[in-house]
Amino acid sequence: MRKKTLALFMAIMMGVTLLSGCGTVGGEAKRPEASAEMESTEDKVFKIGICQQLEHPALDAATEGFRAALVEKLGEDKVRFDYQNAQGEQANCATIATKFVNDKVDLIMANATTALQACAAATADIPVVGTSVTDFVSAGVAESNEAPGRNVTGASDLAPIDRQIELLKKLVPEAETAGILYCSAEANSVFQADKAEAELTKEGIRVNRYTVADSNDVQQVVTKAAEECDVLYIPTDNTMADNMQVVKNVTLPAKLPVISGEENACAGGGLATLSISYYSLGYNAGLMAYEILVNGADPAAMPIEYADETTVKYNAEIAEALGMTMPEDMVAIEKED
């Protein structure tokens with residue numbers, strides 16, 4: 001009798017244990033686990049790697065805007081940035097990208113084309129948000145600008161090239177031959193040059209293309225362009241932006257007007273530009289990063305964003321030296337103190 005009672009007791013206990021196990025899998029016991037996970041997400045400090053291709057006022061402004069957006073949305077104590085500058089070297093971009101992957105950052109911001117290409121090549125899992133990049137498709141990091149199709153999205157710095165050529169025609173209406181000057185190693189510059197040539201050809205202007213492989217070629221190539229052209233167009237190009245003083249030293253004595261793809265290059269020696277705000281560009285990229293980190297947005301389905309405002313600006317020093325009176329609706333670039 002005692003043995004039967006003991007056996008019955010053991011059977012009841014086993015049944016309770018099994019029922020408890022089912023409860024752990026199905027419902028009540030899982031709720032505290034979900035709650036703990038929610039708390040850990042709320043308490044999370046996001047690690048963001050920033051790979052900036054080189055030091056340049058436009059790129060610096062984009063990085064500043066990106067940081068500002070995330071600090072504003074997350075709070076200063078909820079985000080930690082690892083800023084790395086590649087000093088214009090492709091190999092450095094690759095090393096930085098590998099470091100971020102090994103550090104298991106939550107997201108990578110890649111500032112400029114070579115930086116973006118390196119970061120996209122380094123990981124297919126960590127979200128990558130690019131900025132200061134003209135065309136994500138020609139850079140080889142997205143299937144389309146409407147739906148990138150992978151872990152990469154971002155904000156493009158492409159100002160409308162048709163309007164840039166309109167500006168060129170407005171300021172140099174007598175131009176018969178236009179030169180397009182860019183670095184052949186920069187995919188986005190080739191993309192812009194193709195579009196600019198198409199627009200200039202539509203306007204009946206003859207086009208000469210001049211390319212440099214690196215900074216060492218700039219003076220010789222610009223000298224040749226100054227001998228053969230009535231006006232020079234320089235797209236958004238990091239190599240040329242870094243060498244605008246060299247461009248200025250050749251084009252100004254030759255009285256050759258230069259239309260630039262962005263404001264900082266124009267300030268360095270161009271005549272005029274259709275300007276976008278790189279700070280706003282970076283800020284928009286930061287908002288995209290927030291959507292990915294906090295709201296679970298998928299970079300593969302996030303369309304590339306574009307600058308929503310442009311301003312026609314000019315370099316007053318260059319205009320005066322060329323003896324040109326600029327239209328009243330244009331804005332002079334403010335000189336830095």
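Helix H12 spans residues 278–295 and has 18 residues. From its first C-alpha to its last it reaches 25 Å, close to the 26 Å expected at 1.5 Å a residue. The model is a predicted one.

**Around helix H12**

Many names appear on the buried list of H12. Among them are Tyr278, Leu281, Tyr283, Met288, Ile292 and Leu293. Gly282, Asn284, Ala285 and Gly286 are buried too, as are Ala289 and Tyr290. What covers these buried residues? The cover includes helix H3 (57–74). It also includes the strands E1 (46–52), E3 (107–111), E4 (128–133), E5 (152–156) and E11 (305–306). After the helix comes Gly296, with a positive phi near 75 degrees.

**Empty space inside**

Rolling a probe the size of a water molecule over the atoms shows where empty space is left. Here the count comes to three cavities of 30 Å³ or more. The table sets out two of these cavities and one pocket.

| Space | Volume | Lining by class |
|---|---|---|
| Second largest pocket | about 390 Å³ | five nonpolar, nine polar, four charged residues |
| Largest cavity | about 150 Å³ | five nonpolar, eight polar, four charged residues |
| Second largest cavity | about 40 Å³ | five nonpolar, two polar, no charged residues |

**The second largest pocket**

Start with the pocket, which holds about 390 Å³ of space. Its lining has 18 residues, and Gln53, Gly88, Thr114, Glu186 and Thr239 are the closest to its centre. Helices H5 (113–122) and H9 (238–241) each supply at least two residues of this lining. H5 gives the largest share, three residues. Where does the second largest pocket lie with respect to domain 1 and domain 2? Both domain 1 (44–157 + 277–306) and domain 2 (161–275 + 311–332) give residues to the lining, so the pocket lies between them.

**The cavities**

The largest cavity is lined by 17 residues. Ser132, Asp157, Thr236, Asp237 and Asn238 lie nearest its centre. Which helices each supply at least two residues of this lining? They are H3, H7 (187–202) and H9. Domain 1 and domain 2 each give at least three residues to the lining of the largest cavity.

The second largest cavity is lined by Thr251, Leu252, Leu256, Val258, Gly269, Ile318 and Leu322. No charged residue is found in that lining.

Conventions: Residues are numbered from 1 along each chain as its sequence is written. This is a predicted model: local features need pLDDT of at least 70, side-chain atom pairs count only at pLDDT 80 or more; totals for chains, interfaces and linings use all residues. Side-chain values use heavy atoms; hydrogens and water are left out. On a 1 Å grid over the protein atoms alone, a cavity is a set of points where a 1.4 Å probe fits but cannot get out, and a pocket is an open set with protein on both sides within 12 Å along at least five of seven lines; lining residues have an atom within 4 Å of a point. Grid points are joined across faces, edges and corners, and a volume is the space filled by probe spheres set on the points. Helices (H or I, at least four residues) and strands (E, at least two) are DSSP runs, numbered from the N terminus. Ala, Val, Leu, Ile, Met, Phe, Trp, Tyr, Cys and Pro count as nonpolar, Asp, Glu, Lys and Arg as charged, and the others, Gly among them, as polar. Domain bounds come from an automatic or database domain assignment. The expected span of a helix is 1.5 Å times one less than its number of residues. Buried means under 20% relative accessible area, exposed over 50%, partly exposed in between (1.4 Å probe, protein chains only). Contact means heavy atoms within 4.5 Å.
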